[in-house]
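Reader: I would like to go through this model and ask for the reasoning behind each label. Please show it to me.

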Amino acid sequence: MNYQITKITEHHIDGYAQAFDSVARELRYLAYFEGLSRETTVEYVRQNIAENWPHFVALVGEKVIGWCDISSLDRPVFEHAGGLSLGIIHEYRGKGVGKKLLTAALQAAKERGLSRVELTVRERNPVAINLYERAGFVKEGLHIKAVKINGQYENHFSMALFIPENE
Ligand SMILES: CC(C)(COP(=O)(O)OP(=O)(O)OC[C@H]1O[C@@H](n2cnc3c(N)ncnc32)[C@H](O)[C@@H]1OP(=O)(O)O)[C@@H](O)C(=O)NCCC(=O)NCCS
């Protein structure tokens, strides 16, 4: 499959929003029922671009098929840290795109000088948990009954990657 990993631009906002929405609506992976409003998404992407937070998309032609971003935790005391989000549209999974996006975002996090990257991941998502562990993330804790979807509770792990300051 021919695809390209690139930094997000304003041009990719609608494609990114659609990709996020489609993964959210699967209900199995994210802690969302659906994507965010266009207004919120525009604001989010613009902040990432303006403040140079790592935010990458994978493209097949013009189509956004996945994303990985590490964004602000929006408090001065958390300036050394970022929150990671990653997803690939269903039909493009298992082809190496997620790993490539994660690698690009973590490299940009190092270049930015972040020392902590954190995320939450649903307990029944072994593919993502393995991918994060192989990238150096460790489990920090289990959030019991963290999400409730269609009446079913699911736990999620918090995970973090610690980047040495001289890397
Ligand atoms: C998790 C996810 C981002 C991984 O991206 P991907 O493009 O499918 O994964 P890749 O093809 O890059 O594979 C990454 C690794 O996972 C393994 N893998 C991929 N799909 C797998 C599967 N279905 N079963 C077992 N292993 C799998 C690959 O072999 C690879 O292992 P390696 O590092 O030893 O080579 C993607 O599957 C996804 O978007 N899932 C739904 C959304 C989600 O879970 N997001 C994370 C929320 S925290």
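Reader: What makes the pairing of I88 with the ligand a polar contact?

Author: The model is predicted. In it, a backbone N or O atom of I88 lies 2.7 Å from an oxygen atom of the ligand. The cut-off for such a pair is 3.5 Å, so this is a polar contact. G98 also qualifies, with a backbone N or O atom 2.8 Å from a ligand oxygen. For K95, a polar backbone atom is 3.1 Å from an oxygen atom of the ligand.

Reader: How much of the ligand does the protein bury?

Author: The ligand taken alone exposes 930 Å². The protein buries 70% of that. Around the ligand are 21 residues, and the closest are L86, I88, G96, G98 and N125.

Reader: Why is the pair F20 and Y32 called edge-to-face?

Author: Look at the angle. The planes stand at 75° and the centres are 5.1 Å apart. Centres within 6.5 Å make a pair, and planes over 60 degrees apart make it edge-to-face, so both conditions hold.

Reader: What does the pair F20 and Y32 tie together?

Author: F20 sits in helix α1 (residues 13-25), and Y32 in the loop between α1 and α2 (38-50). The pair therefore ties together parts that are 12 residues apart in sequence. F20, Y32, Y16 and W67 form one aromatic cluster.

Reader: How do you know whether F20 and Y32 are buried or exposed?

Author: Buried means under 20% relative accessible area, and exposed means over 50%. F20 has 8%, so F20 is buried. Y32 has 36%, which falls in between, so Y32 is partly exposed.

Reader: Why is the pair Y132 and F137 called tilted?

Author: The angle between the planes is 55°. Stacked needs under 30 degrees and edge-to-face needs over 60, so the pair is tilted. The centres are 5.5 Å apart. Y132 is buried at 6%, and F137 is buried at 3%.

Reader: Where do Y132 and F137 appear in the largest nonpolar core?

Author: Together with L84 and V117, they have the most contacts inside that core of 45 residues. Helix α3 (residues 97-112) gives the most to this core, with seven residues. L84 touches Y132 and F137, and its other contacts include I70, L102, L106, V117 and L119.

Reader: What makes H156 buried?

Author: H156 has a relative accessible area of 11%. The limit is 20%, so H156 counts as buried. H156 is found in strand β7 (residues 152-162). Its contacts beyond four places in sequence include T120, R122, E123, L142 and H143.

Notes:
Residues are numbered from 1 along each chain as its sequence is written. This is a predicted model: local features need pLDDT of at least 70, side-chain atom pairs count only at pLDDT 80 or more; totals for chains, interfaces and linings use all residues. Side-chain values use heavy atoms; hydrogens and water are left out. A nonpolar core is a set of buried Ala, Val, Leu, Ile, Met, Phe, Trp, Tyr and Cys residues joined through side-chain atoms within 4.5 Å. Buried means under 20% relative accessible area, exposed over 50%, partly exposed in between (1.4 Å probe, protein chains only). Helices (H or I, at least four residues) and strands (E, at least two) are DSSP runs, numbered from the N terminus. Contact means heavy atoms within 4.5 Å. A residue is near a molecule or strand if one of its heavy atoms lies within 4 Å of it. A polar contact is a pair of N or O atoms within 3.5 Å; within protein, one must be able to donate a hydrogen and the other to accept it, and residues adjacent in sequence count only if both atoms are side-chain atoms. Accessible areas come from the Shrake-Rupley method with a 1.4 Å probe; for residues, only the protein chains shown count as cover. Rings of Phe, Tyr and Trp (its six-membered ring) pair if their centres lie within 6.5 Å; planes under 30 degrees apart count as stacked, over 60 as edge-to-face and the rest as tilted.
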